[in-house]
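User: I've got a model open and would like to talk it through. Can we go over the sheet, the hairpin and the inside of it?

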Amino acid sequence: MSSPTENTAFDQTRLDKIQALREKGLPMFPPTFDRKNTVLEIKTRYAEITHDKSAESVSTAGRIHIVRNHGKTIFADLGDETGKIQLYIRKNDLGEEQFELFNQYVERGDIIGVVGNVFRTKLGEITIWVDTFSLLCKAVCSLPEKFHGLKDVEKRYRQRYVDLIVNEENRQTFRTRSRIISLLRRYLDDHGFLEFETPILQPVYGGANARPFTTYHNFLDQKLYLRIAPELYLKRLVVGGFERVFEISRNFRNEGVDTDHNPEFTMVEIYWAYRDFQDMMDLTESIVTSIIQDVHGKLEIPFGEITLNFTRPWKKLSMADAVKELGGIDIFAHSVEELRTLAREHKIDEPEKPQSQREFLIAFFEGLVEEKLIQPTFIYDYPVENSPLAKRHREKEGFTERFELFIAGMEVGNGFSELNDPVDQKERFEAQDEKRRLGDVEAQMIDYDFINAIGYGMPPTGGVGIGIDRLVMLLTNNNSIKEVILFPSMKTQKPGEEEGETEGESPDAGNEKPPKPA
């Protein structure tokens with residue numbers, strides 16, 4: 001058997017203390033504790049307490065954050081999920097044996113239970129005058145230094161559990177995330193939408209242009225893909241007669257990692273029969289403003305050095321008008337070769353790749369415009385070339401009834417009037433499959449079962465997907481997606497390897513914004 005400290009962060013001194021306590025016959029790691037009060041309940045109930053001890057005792061438990069020894073008395077800070085409270089421990093009350101037990105063996109990071117009465121100190125702090133304590137869990141790993149917290153960015157992401165212990169602000173971020181998801185689910189439930197679960201392991205991936213993760217099912221002897229989007233399955237449900245459906249889904253895309261991309265991410269996709277892309281823009285506005293109002297109590301919120309204003313209605317621009325207004329280029333006033341020259345001048349990625357005005361429209365929009373869309377803005381009328389699942393525009397040849405929502409330079413939502421012509425869908429999939437055959441790893445596969453599904457008839461339908469991680473970034477004023485995902489994707493660290501040494505990953509990844517992956 002290996003040493004307990006081998007390949008671990010265990011502190012040998014703490015391990016020795018556990019062994020010493022066991023030799024004293026004291027039970028270690030007890031299974032339960034009768035906690036009757038949270039810290040918040042105690043502080044609320046005794047908000048008006050004086051210097052006199054309360055008549056009734058309280059019983060609470062939590063982690064020790066600070067211990068201050070003053071000889072025959074000890075002050076300590078105990079924290080649970082609801083907050084922190086000071087403990088006052090006297091040798092005269094506990095007795096010498098119990099007092100020395102606390103003094104020698106209880107330290108920062110340990111979890112204890114206490115029983116005592118509440119009073120207010122001369123400095124005005126609500127405090128528990130401890131009568132008895134129980135050591136519930138002796139931590140064998142030491143927390144970071146008390147005044148510095150856990151500031152190493154990479155270490156915070158790898159050891160989120162430590163980050164949550166020492167950084168209350170980050171705990172609050174994830175409380176807000178949980179609340180946002182609850183509010184989203186409540187809004188859709190209140191408006192008659194039904195929540196469903198669709199497969200994560202799929203024989204054919206689709207619903208977005210992205211490179212998938214692959215796996216293998218041994219029993220079925222079949223290659224499978226982790227879903228990149230739930231879209232095609234949710235639209236099968238619309239075919240089946242469910243007219244308002246949604247899923248809050250975990251999706252997986254085998255792509256780069258930067259400040260607003262993580263290979264594993266969360267989104268909500270919503271489909272509404274007998275509605276179109278205009279209706280879905282209205283729905284998106286309503287959902288997001290409802291959540292922001294509930295979380296912040298107002299529609300103007302800070303994000304970095306700017307203030308985002310979510311007051312309705314939000315700005316709407318066609319993609320062509322956005323490129324003309326914000327990029328200074330009137331796409332359809334230039335030939336393809338003129339656009340190629342302009343693309344080189346503006347250092348647009350892969351200027352040789354576009355072969356039409358519409359394809360250059362996409363390239364210039366992504367290269368010149370996206371990052372300038374700071375306030376909530378809907379961009380609509382997307383070229384058919386990059387919208388294989390959207391209905392063709394009812395008025396503009398070569399375009400689709402599609403929109404994307406941009407906030408703070410990020411795409412936050414993507415919606416369509418959904419394509420329900422099965423013949424057109426088959427042709428679009430075949431065009432995508434040809435791109436895939438020629439080396440485009442993000443092009444979609446042909447899903448013949450889905451084509452057959454809409455062949456049975458899908459009503460006119462509006463759909464939208466909203467990125468939950470990015471929405472949480474905006475509502476919690478975080479400029480990196482890693483700050484709002486509890487356990488973001490990171491390269492595996494070898495035992496004994498120091499933070500920042502991991503091959504292929506910068507120690508400050510997530511603070512600097514690298515180029516958006518192709």
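Analyst: Here are some questions and answers on this structure, which is a predicted model.

User: Let's start with the open sheet of eight strands. Which strands stand at its edges, each with a single partner strand?

Analyst: The sheet has mixed pairing and runs in the order β6-β10-β11-β18-β17-β16-β15-β14. A strand with a single partner has one side left without a neighbour in the sheet, so the edges belong to β6 (194–195) and β14 (315–318).

User: What angle does helix α10 make with β14?

Analyst: Helix α10 covers residues 319–327 and packs on the sheet. There it touches both β14 and β15 (377–383). Compared by direction, α10 and β14 make an angle of about 100°.

User: Further into the sheet, which residue is the bridge partner of isoleucine 270?

Analyst: Look at strand β11, residues 264–273, which pairs with β18, residues 461–467. The two are antiparallel and share seven bridges. In β18, the partner of isoleucine 270 is valine 464.

User: Now to β1 and β2. Which residue in the turn of their hairpin has a positive phi?

Analyst: Strands β1 (residues 57–69) and β2 (residues 73–80) pair in the antiparallel sense over six bridges. One spot to check is arginine 68, which stands opposite phenylalanine 75 in β2. Three residues sit between the two strands, and the one with a phi of about 80° is glycine 71.

User: β1 also pairs with β4. Which residue in β4 stands opposite alanine 61?

Analyst: β1 and β4 (residues 111–120) run antiparallel and are joined by seven bridges. Across from alanine 61 you'll find glycine 113.

User: On to the inside. Which helix gives the most to the lining of the largest cavity?

Analyst: The structure holds one cavity of 30 Å³ or more, with about 30 Å³ of space in it. Among the lining residues are Gln202, Tyr205, Glu231, Leu232 and Tyr233, and by class the lining has six nonpolar, two polar and one charged residues. With three residues, the top contributor is helix α8 (residues 231–239).

User: Last one: is histidine 296 buried, partly exposed or exposed?

Analyst: Histidine 296 lies in helix α9 (residues 277–296). Leaving out residues up to four places away in sequence, histidine 296 touches Ile301 and Leu475; its C-alpha is 8.3 Å from that of leucine 475, although the two are 179 residues apart along the chain. Buried needs under 20% relative accessible area and exposed needs over 50%. At 31%, histidine 296 counts as partly exposed.

Technical notes. Residues numbered from 1 in each chain as written. Predicted model: local features only at pLDDT ≥ 70, side-chain atom pairs only at ≥ 80, totals over all residues. Heavy atoms only, no water. 1 Å grid on protein atoms, 1.4 Å probe; cavity = no way out; pocket = protein on both sides within 12 Å on 5 of 7 lines; lining within 4 Å. Points joined across faces, edges and corners; volume = space filled by probe spheres on them. Helix = DSSP H or I, 4+ residues; strand = E, 2+ residues; numbered from the N terminus. Nonpolar A, V, L, I, M, F, W, Y, C, P; charged D, E, K, R; others polar. Pairing = 2+ DSSP bridges. Contact = heavy atoms within 4.5 Å. Axes fitted to C-alpha atoms, helices over the stretch in contact; angles between N-to-C directions. Buried < 20%, exposed > 50% of the residue type's maximum accessible area, 1.4 Å probe, protein only.
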